[in-house]
Amino acid sequence: MGGLKPFSAIMMNLRDITYEGFLDLAVSMGEKPYRAGQLYRWVYARGVSSIDEMTDISLALRERLKEKYCITGPSLVDTFSSEDGTVKLVYELSDGLRIQSVIMPEGKRTTVCVSTQAGCALGCGFCLTGTGGYKRNLTLSEMVTQILSAGALAGEGRSITNIVFMGMGEPLLNLDTLIEFINILVDPAGFAISHNRITVSTAGITPGLQRLGTDTNVNLAVSLNAATDSLRSELMPVNRKYPLSGLMEGLRSYPLHGKKHLTIEYVLLGGVNESADDARALVRLLASLKCKINLIPFNPFAGAAFKSPRDEDVERFRDILMKSGYMAVIRKSRGADIGAACGQLKARDLARLSKEKTLEAEGC
Ligand code: SF4
């Protein structure tokens, strides 16, 4: 993905091409290199959906481009609007799989939650998305289209200000394409979104941390959810492969690029990981790590093995962290009434929901 690849009988999607790929494209068509920048801006900064819209490119060149290239992306097949303003977008990919994005408006800020995979292989016990299994990584064009469609649907006078990679899938297991996409997002000639307004959330794929921190300058969030290997492995099977000692080492050496802290996400599960002892174990685990902590009370979905924590237990957990010097914030999931909170949907439910327009599933 990214660079220009050998051309086959299949049309190549311009949304799958990085700037370097556009340079190769220009050369291969006998055009001057500046054409690369022109095409790149049309595709990403202006977000056109057809080559015909590239009005400062000669008709003859547009016709030649159309012989080999197209502009396409996943089809938006459904939208669900929440009482709190959150909008969930459901897309069908070219192979029939379904993914989702979520638009979260708040004041002047409009955040889009982006999916990086169809399904997810990690099977976190509190996440409905994980129960559907892994299907495949998303392509660059499938991620780009989520941003372009969200921008078009964000509402009158609103543009996308923030991006969080917390949708379907584990971003660090689609790292090459993720980094290509981030580079286009932050490029002033691309989407021109500040790296400070982009957050990648991982379940703890330790080997991917250094490269993400070296090749990009975005915010990192880690879904931790337990302070001991035994409990974390139970909740998040990925912990068996990448246990806490290595993960914490990776986090402590993660390049912050002048940022103040990482974000630790902790889903509070009633009777499982929200006791005072759990909070104190978390304080010990996080010692000397520059981080803030988001506490997310679990919203049960049909068939979930966990229950919501009690409000008083959530507050006690937060207070222990705060008294130990950590910034800890209790976060309510957005869009709970439309199942738009993180990890709430799997492909089967997406298909069902598109018919019923109702929601019964909630997750982390
Ligand atoms: S919480 Fe994230 S990493 Fe875990 S199963 Fe769900 S989508 Fe995958």
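Q: What phi does G155 take just after α5?
A: This is a predicted model, where local features need pLDDT of at least 70, side-chain atom pairs count only at pLDDT 80 or more, and totals for chains, interfaces and linings use all residues. Numbering runs from 1 along each chain as its sequence is written, and side-chain values use heavy atoms, leaving out hydrogens and water. G155 comes just after α5 (helices are DSSP runs of H or I with at least four residues, strands are E runs of at least two, both numbered from the N terminus), and its phi is positive, at about 115°.

Q: How many of the 14 residues of α5 are buried?
A: Buried means under 20% relative accessible area, exposed over 50%, and partly exposed in between (1.4 Å probe, protein chains only). In α5, L140, S141, E142, M143, V144, T145, Q146, I147, L148, S149 and A150 pass that test. α5 is therefore largely enclosed by the rest of the structure, and its buried count is 11 of 14.

Q: Which elements do the buried residues of α6 pack against?
A: 9 of the 12 residues of α6 are buried, so this helix is largely enclosed by the rest of the structure. The buried set is L175, T177, L178, I179, E180, F181, I182, I184 and L185. Counting contacts as heavy atoms within 4.5 Å, their packing partners are α2 (34–45), α5 (140–153), β9 (162–165), β10 (198–202) and α7 (206–215).

Q: Which helix gives the largest share of the largest nonpolar core?
A: A nonpolar core is a set of buried Ala, Val, Leu, Ile, Met, Phe, Trp, Tyr and Cys residues joined through side-chain atoms within 4.5 Å. The largest one here has 107 residues, and those with the most contacts inside it are L14, F22, M54, F126, F165, L251 and L286. With 7 residues, the largest share of this core belongs to residues 175–186, which is helix α6.

Q: Where does this core lie relative to domain 1 and domain 2?
A: The domain bounds, from an automatic or database assignment, put domain 1 at 12–70 and domain 2 at 75–356. Each gives residues to the core, so the core lies between domain 1 and domain 2.

Q: Which residues does L286 touch?
A: L286 is among the residues with the most contacts inside the largest nonpolar core. Leaving out residues up to four places away in sequence, its partners are L224, M248, R252, I264, C291, I293 and Y326.

Q: Is N225 buried or exposed?
A: N225 is in the loop between β11 (219–223) and α8 (229–235). Its phi is positive, near 70°, in a residue other than glycine. Most residues other than glycine have a negative phi. At 0% relative accessibility, N225 is buried.

Q: What is the relative accessible area of S288?
A: S288 also isn't a glycine, but has a positive phi of about 70°. You'll find S288 in the loop between α11 (276–285) and β13 (291–297). This residue is exposed, with a relative accessible area of 68%.

Q: Which residues does S75 touch?
A: S75 belongs to strand β3 (residues 75–81) and is partly exposed, at 42% relative accessible area. Its C-alpha is 9.9 Å from that of G96, 21 residues apart along the chain. Skipping residues up to four places away in sequence, S75 touches V90, Y91 and E92.

Q: What percentage of contacts in the protein chain between residues at least 6 apart in sequence join residues at least 24 apart?
A: The chain has 13 helices and 14 strands, and buried residues make up 55% of its 364 residues. Among contacts between residues at least 6 apart in sequence, the share joining residues at least 24 apart is 64%.
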